[in-house]
Structure formats: structure tokens, C-alpha cells
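The following exercises introduce a protein chain through its strands, its loops and its confidence values. Please attempt each task before reading its solution.

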Amino acid sequence: MEDAIYFIGKNDDFKLDDGMKKEVQCLKLNSKVTKVVFGHLLFEKEDLQLIHDELINNTNIKTLSFNSCKDYIKSDLPAYSFATIFEMMLNHQSIQTLQLSSLKLRDLEFLAPVLKSNNVLKELDLRGNSFSQSNISKLFQLLCFNKTLKTLNLTSNSSPAVHGQRRNQFNCFENLKFVYLQHINLSHCGIHSESLGQLFESLKSNIYLKSLNVSGSNLNSKDVGFIVSYCAFNPKLSK
């Protein structure tokens, strides 16, 4: 059982107060806490640097979570605000689970080096962000270099299509045939019939996958046939 510490704001504009900052500072030498969670907080400019400085050398922490946080200009937390955390993940040798949910992240600029170089991270939770199908494609391409990450959660990353632009102009799942992931959650990502066919076609070459979630997709009877045939094709798939 994880020993966790939670920093949760009382409302959308709740800042990391002095008491919370003191607790963060104590994490440097805390050998019992293995999970740190930040939720519904409005970060000042220096807050993420403080978190970086205090956690970088604590090798007992296995899980780091940021959920529904905003930056100091009260916008949805963009990737550049998280640059210090991504930098820490490049060198941190103990964090196995990173949760970055409901932060409205749109690009992978700062996350890319982590996925290429980090050989400790096992689970990445990116629920409720705003990755387009193009960015999801880039994500799977990056994961071809990562043999450690086993679980990826992309639930509710359905970005609206540009008006008049045809969706799925390319197979954004093509690189899935090369990744080492064992568990993938793509529920409520706006997957429809055409892209579902592309998804399962790519997965035919993947020998590692054990579970796949595509619930909340626009499925028809043909799509169900894809799922049934793939389950028969891949005996390792447990659910």
C-alpha cells in the first residue's frame, strides 16, 4: 500500500499556500512517502520549480500526479509551464507512474525527451487532455524508443476536427505495431469506424499488448467484427 500525500485545492483559484510549500520542502528527506498528488491548484511561477528542487533527489517517490491544475496566469496549464517537471523526469530514477490528467496539454515538445530517455517510467496517464490525432500519432512514434513503459491512458483526448477538414487523413495508429505497451486505454477518444480498422490492422503486428479499451467509440457491427477477429488473432489479449 502506497504512503501518499495530497495537495488539493479547495477551488479553481486555490494556490499552493505556505503550509503546502512547507510540506513540499519536507518531501526532500521524507523516506516514507511514495506517492505525491497535486490537484485543482493554481501554481505561481516558482511553484513548479520548488516541486522540482524538492523531489529531484527523493528516490522513494514512485508516483507523481498533477490533476486539473492551472498556471499563474490562470490559463490551462500549458506544456512550457511543466518544463521543469519534464526536466526532472529525465533524470529521476524512481518515479514509475506519472499522471498528467485534465491539464489541456496539446503538444509533446517537453514530454518527448522523457519518453525517449527515461528507462524507469512504467505508467503514463494523460487522461482528459487535448491531444489531436496527429499528436497521438507522434506519441506512439516516440514510444517505439521506450521499452519500459507498459501502461498508457489516453482516455478523453478527443480533439474537435477542424471545420471542413476530413478526419483520419492518415493512420495515426501505424506505429502501434512497434511499441512495447501492454495496456492501452483509448476510451472516449472519438475513434470511429475508419480509424478503428486502422487501429486493429496495426495491432496485428504487436506481440506485447494484453489489454485495450476503446469504449465510448462510435462502433457499428463491422467494428465489433474487427474486435472479435483481433481477440482471436491475439491470444495474449486478456480484456
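**Exercise 1.** Which residue in β3 is the bridge partner of Lys35?

Solution. The bridge partner of Lys35 in β3 is Thr63. Two conventions apply from here on. The model is predicted, so local features need pLDDT of at least 70 and side-chain atom pairs count only at pLDDT 80 or more, while totals for chains, interfaces and linings use all residues. Residues are numbered from 1 along each chain as its sequence is written, and side-chain values use heavy atoms, with hydrogens and water left out. Strands (E, at least two residues) and helices (H or I, at least four) are DSSP runs numbered from the N terminus.

**Exercise 2.** Describe how β2 is paired with its neighbours and how it is covered.

Solution. Begin with pairing, for which DSSP must find at least two bridges between two strands. Strand β1 (residues 4-8) is joined to β2 by five bridges, and the two run parallel; within this pair, Tyr6 stands opposite Val37. Five bridges also join β2 to β3, again in parallel.

Next, consider the connections. β1, α1 and β2 form a right-handed β-α-β unit, and β2, α2 and β3 form a right-handed one as well. Right-handed means that, with the strands pointing away from the viewer, the path from the first strand over the helix to the second runs clockwise.

Finally, consider burial. Relative accessible area under 20% is called buried, over 50% exposed, and in between partly exposed (1.4 Å probe, protein chains only). Five of the five residues of β2 are buried, so the strand is largely enclosed by the rest of the structure. Lys35, Val37 and Gly39 point one way, whereas Val36 and Phe38 point the other way.

**Exercise 3.** Is Val33 buried or exposed, and which residues does Val33 touch?

Solution. First, locate the residue: Val33 lies in the loop between α1 (18-26) and β2 (35-39). Second, Val33 counts as buried because its relative accessibility is 9%. Third, list its contacts (heavy atoms within 4.5 Å). Leaving aside residues up to four places away in sequence, Val33 touches Asp3, Ile5, Leu27, Asn60 and Ile61. Asp3 is 30 residues from Val33 in sequence, yet their C-alpha atoms are 4.9 Å apart.

**Exercise 4.** Name the buried residues of α3 and some of the elements that cover them.

Solution. The buried residues of this helix are Thr84, Ile85, Phe86, Met88 and Met89. Their cover includes α2 (47-55), β3, β4 (97-101) and α4 (112-117).

**Exercise 5.** Where is Ser68, and what is the sign of its phi?

Solution. Ser68 is placed in the loop between β3 (63-67) and α3 (83-91). Its phi is positive, about 55 degrees, although Ser68 is not a glycine. With a relative accessible area of 25%, Ser68 is partly exposed.

**Exercise 6.** Assess the confidence of the prediction across the chain.

Solution. Start with the average: the chain has a pLDDT of 83 on average, and 87% of the residues score at least 70. Here pLDDT is the predictor's confidence in each residue, from 0 to 100. Then compare elements: strand β6 (residues 151-153) has the highest mean, 97, and helix α7 (residues 221-233) the lowest, 73. Over residues 161-169 the pLDDT is below 50, and this stretch has nine contacts in the model beyond near neighbours in sequence.
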